[in-house]
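Thanks for joining. I'll take this one in pieces and keep it short. Please have the structure open on your screens.

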Amino acid sequence: MTLTDVDIDAMLKRLHLANARRVWRDMVARAEKEDWSFRAFIALLVSEEIAQRKQTRLGRLSTRAHFPFLKTIDDFDFTFQSTVRLALLGSALSPDFVTEGRSLILFGKPGRGKTHLAVAIAYRAIQNGFDALFVTAAELIDHLSAAFRQGQLAEVLERYTAPHVLVVDEVGYLTYGTDAANMLFHVVNDRHRRKRSMIFTTNKQTEAWGSVLHDDDLAQAIIDRVLERGRVLKLDGPSIRTKHLGLDAPTEAEPSSQQVGRISGTTRAEFSEPTEARDA
């Protein structure tokens with residue numbers, strides 16, 4: 001059976017093998033020049049297709065997550081942290097964090113890297129095969145409040161309860177309406193019931209969430225659900241944003257804090273990480 005280049009190209013197109021269709025001619029030339037076996041040629045062609053599809057998926061889900069920037073755990077500088085060490089984050093970087101419906105509250109003053117860590121953990125979840133969504137607390141509460149007034153709460157709520165991982169950023173940074181606790185409780189309660197992971201960043205102690213959300217009882221109910229399968233991590237040390245000004249006392253780093261962020265027990269990155277982050 002003799003097939004022309006046009007025939008091969010048409011078959012690859014029909015099978016939706018976009019990357020193989022793009023590279024197969026160059027790979028054939030390499031295979032002939034280097035005397036590859038048929039097995040080696042097929043293996044490389046298929047592996048290249050799989051790698052490209054994985055990268056495309058990561059890009060698509062990262063865009064859909066609405067991250068304010070793309071930061072990975074490898075980008076995080078633990079030398080400026082006096083309380084959080086890499087060993088504390090190992091479980092949050094594994095697939096079990098999502099499959100077991102675990103949650104995190106990242107607490108600390110502004111500039112300590114809370115949002116960076118939240119994005120990095122959510123991005124690792126995407127690398128592990130899940131989807132994620134990033135939203136500020138103000139955006140979430142305002143969106144749900146408007147939907148409630150329009151009688152569309154159930155439809156809009158699905159946006160925040162469906163993703164495997166939800167990042168709610170900046171709890172306590174802004175003033176919310178009087179229905180804030182009620183709106184946030186809808187999200188947390190549904191996600192807790194479905195064992196969906198949640199990550200919150202906040203500059204307020206959990207004891208202060210009642211005054212922030214205008215309802216002590218609902219705030220306590222929210223925190224109880226988050227922490228039943230979750231924990232609070234406090235980030236301390238000098239502000240990353242103003243470290244060049246020397247406004248905070250320097251924090252002495254432990255030797256292990258020099259390590260980049262890997263899943264506990266591995267000695268090298270399981271995933272290839274972007275080398276450049278998008279601007280916020």
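**Helices, sheet and three histidines**

Let's start at the end of a helix. Right after α3 comes H66, and its phi is positive, near 60°. Bear in mind that this is a predicted model.

Now α3 itself. It runs over residues 38-65, which is 28 residues. At 1.5 Å a residue, the helix should span 40 Å. The end C-alpha atoms are 41 Å apart, so expectation and model agree. Which residues of α3 are buried? They are F41, L45, E49, L58, L61, S62 and A65. A reminder on spacing: an α-helix has 3.6 residues a turn, so residues three or four places apart point the same way. The buried residues of α3 pack against two helices, α2 (18-34) and α5 (114-127), and against strand β2 (132-136).

Back to positive phi values. H16 has one too, about 60°, and H16 is not a glycine. It sits in the loop between α1 (5-14) and α2. Is H16 buried or exposed? Its relative accessibility is 63%, so it counts as exposed. Then there is H214, again not a glycine, with phi near 70°. H214 lies in the loop that links α9 (209-213) to α10 (216-228). Its relative accessible area is 40%, so H214 is partly exposed.

Let me zoom out. The protein has ten helices and five strands. Of its 280 residues, 44% count as buried. Take the contacts with a separation of 6 or more: 81% of them join residues 24 or more positions apart.

Next, the sheet. The five strands make an open sheet, and the order is β2-β3-β4-β1-β5. The pairing is parallel. At the edges are β2 and β5 (230-235), each pairing on one side only. From one strand to the next, the twist averages 15°.

Now walk across the pairs. β1 (residues 103-108) and β5 are joined by six bridges. In that pair, G108 has L235 as its bridge partner. On the packing side, α6 (residues 137-149) lies on the sheet and touches β2 and β3 (165-171). The direction of α6 makes about 90° with that of β2. β1 also pairs with β4, parallel, over five bridges. There, L106 is partnered by T201. β3 and β4 pair in parallel as well, over five bridges. L166 stands opposite M198 of β4.

Why call β4 (residues 197-202) largely enclosed by the rest of the structure? Because six of its six residues are buried. In a regular strand the side chains alternate between the two faces of the sheet. In β4, both faces are covered. One side holds S197, I199 and T201, and the other holds M198, F200 and T202.

Last topic: a helix pair. Two packed helices are described by the angle between their axes and the distance between the axes. For α7 (residues 153-161) and α8 (residues 180-193), the axes come within 10 Å. They cross at roughly 55°. That makes α7 and α8 oblique to each other. What is the hand of the crossing of α7 and α8? Right-handed. And who meets whom? From α7 we have L153, L157, Y160 and T161. Facing them in α8 are M183, H186, V187, D190 and R191.

That's my tour. Over to you.

Key: Residues are numbered from 1 along each chain as its sequence is written. This is a predicted model: local features need pLDDT of at least 70, side-chain atom pairs count only at pLDDT 80 or more; totals for chains, interfaces and linings use all residues. Side-chain values use heavy atoms; hydrogens and water are left out. Helices (H or I, at least four residues) and strands (E, at least two) are DSSP runs, numbered from the N terminus. The expected span of a helix is 1.5 Å times one less than its number of residues. Buried means under 20% relative accessible area, exposed over 50%, partly exposed in between (1.4 Å probe, protein chains only). Contact means heavy atoms within 4.5 Å. Two strands pair if DSSP finds at least two bridges between them. Axes are lines fitted to C-alpha atoms, for helices over the stretch in contact, and angles run from 0 to 180 degrees between N-to-C directions. Angles under 35 degrees count as roughly parallel, over 145 as roughly antiparallel, 65 to 115 as roughly perpendicular and the rest as oblique. A crossing is left-handed if the near helix is turned anticlockwise from the far one by less than a right angle, and right-handed if clockwise.
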